[in-house]
Amino acid sequence: MNVIKKAKLPQDFFYLRRMEEDDLPDVLKIENLSYSKPWHVSSFKGEIDNYPISNAYVIVYRPLNKVIGYIIYWHVEKEIQISNIAVSPDFRMMGIAEAVIRQVIVQIKREGAEFVLLEVRPSNYAALSLYNKLGFKVLGIRRNYYSDPREDAMLMGKSFA
Ligand SMILES: CC(C)(COP(=O)(O)OP(=O)(O)OC[C@H]1O[C@@H](n2cnc3c(N)ncnc32)[C@H](O)[C@@H]1OP(=O)(O)O)[C@@H](O)C(=O)NCCC(=O)NCCS
């Protein structure tokens with residue numbers, strides 16, 4: 001597969017901050033551009049309200065103070081489950097998701113987590129490449145996990161205990 005390489009965005013050009021309800025119009029725009037079955041606004045509100053089990057962060061492009069992505073993960077005891085991560089199409093392939101996941105792993109290790117899990121569509125080449133690069137391993141398959149279109153999920157995990 002041909003992949004157009006872009007320059008990496010220096011890390012001081014973006015940062016994470018907690019997602020707030022005012023961010024949801026920007027978040028939904030990115031969500032709708034990113035998935036065949038996007039989350040409804042109520043799902044994002046539920047995640048914001050479920051803090052501290054759910055940790056919802058937006059990725060902010062510092063020069064324009066603009067939301068360019070988000071990551072949502074659940075933290076239950078020693079386990080982290082990444083339930084959503086997306087980067088605005090204009091900002092993809094610039095190293096942002098990789099840097100964000102690395103940053104989250106540093107943070108959650110400090111908070112005592114030992115394991116991170118996520119599900120991914122086998123057809124999602126970009127996400128699979130990202131998780132492989134970060135050292136995630138395939139732990140199993142969840143049959144018919146996704147709809148629109150129906151597809152299995154690959155369960156992937158990374159231990160850092
Ligand atoms: C998956 C996603 C979050 C990646 O975000 P990103 O900021 O573009 O990813 P990065 O630039 O940090 O990529 C890091 C590595 O992932 C891999 N990668 C990312 N996008 C890729 C693509 N389109 N094709 C091939 N490899 C890709 C590469 O190995 C890349 O490292 P490299 O550039 O040094 O080769 C983004 O494509 C996205 O938002 N997709 C839609 C939502 C989604 O699918 N989320 C994941 C659900 S499980």
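In this predicted model, the shell around the ligand is made up, by class, of 15 nonpolar, 4 polar and 6 charged residues. There are 25 residues around the ligand, and those that come nearest are Lys5, Lys8, Met93, Asn124 and Lys133. The ligand sits in the largest pocket. Four elements each give two or more residues to the shell around the ligand: strand β4 (79-87), helix α3 (96-110), strand β5 (115-120) and helix α4 (125-133). Of these, α4 provides the largest share of the shell, with 7 residues.

Several backbone atoms lie within polar contact distance of the ligand, the limit being 3.5 Å between N or O atoms. For Ile85, a backbone N or O atom is found 2.8 Å from a nitrogen atom of the ligand. For Met94, a polar backbone atom is 3.2 Å from an oxygen atom of the ligand. For Ala97, the distance between a polar backbone atom and an oxygen atom of the ligand is 3.0 Å. The ligand taken alone exposes 920 Å², and 86% of that area is buried by the protein.

Two residues in the strands that contribute to the shell were examined further. Asn84 is located in strand β4. Its relative accessibility is 3%, and Asn84 therefore counts as buried, the limit for this class being under 20%. The side chain of Asn84 is in polar contact with the side chain of Glu31, at 3.1 Å. Val116 is located in strand β5. With a relative accessibility of 1%, Val116 also falls under the 20% limit and so counts as buried. In sequence, Val116 and Phe136 are 20 residues apart, while in space their C-alpha atoms are 8.7 Å apart.

The backbone geometry was considered next. Most residues other than glycine have a negative phi, and most peptide bonds are trans. Against this background, two cis peptide bonds and two positive phi values can be described. One cis peptide bond joins Tyr51 and Pro52, with omega at about 10°. Pro52 is placed in the loop between helix α2 (41-49) and strand β2 (54-61). Another cis peptide bond joins Asp148 and Pro149, and here omega is about -5°. Pro149 is placed in the loop between strand β6 (137-146) and strand β7 (151-159).

Asp148 also lies in the loop between β6 and β7. Besides taking part in the cis peptide bond to Pro149, Asp148 has a positive phi of about 50°, although it is not a glycine. The relative accessible area of Asp148 is 48%; this value lies between the limits of 20% and 50%, so Asp148 is classed as partly exposed. A positive phi of about 50° is likewise found at Asn144, which is not a glycine either. Asn144 is part of strand β6. The relative accessibility of Asn144 is 46%, and Asn144 therefore counts as partly exposed.

Taken together, the residues described here fall into two accessibility classes. Asn84 in strand β4 is buried, as is Val116 in strand β5. Asn144 in strand β6 is partly exposed, and Asp148 in the loop between β6 and β7 is partly exposed too.

How values were computed:
Residues are numbered from 1 along each chain as its sequence is written. This is a predicted model: local features need pLDDT of at least 70, side-chain atom pairs count only at pLDDT 80 or more; totals for chains, interfaces and linings use all residues. Side-chain values use heavy atoms; hydrogens and water are left out. A residue is near a molecule or strand if one of its heavy atoms lies within 4 Å of it. A polar contact is a pair of N or O atoms within 3.5 Å; within protein, one must be able to donate a hydrogen and the other to accept it, and residues adjacent in sequence count only if both atoms are side-chain atoms. Accessible areas come from the Shrake-Rupley method with a 1.4 Å probe; for residues, only the protein chains shown count as cover. On a 1 Å grid over the protein atoms alone, a cavity is a set of points where a 1.4 Å probe fits but cannot get out, and a pocket is an open set with protein on both sides within 12 Å along at least five of seven lines; lining residues have an atom within 4 Å of a point. A molecule sits in a cavity or pocket if more than half of its atoms lie within 2 Å of its grid points. Ala, Val, Leu, Ile, Met, Phe, Trp, Tyr, Cys and Pro count as nonpolar, Asp, Glu, Lys and Arg as charged, and the others, Gly among them, as polar. Buried means under 20% relative accessible area, exposed over 50%, partly exposed in between (1.4 Å probe, protein chains only).
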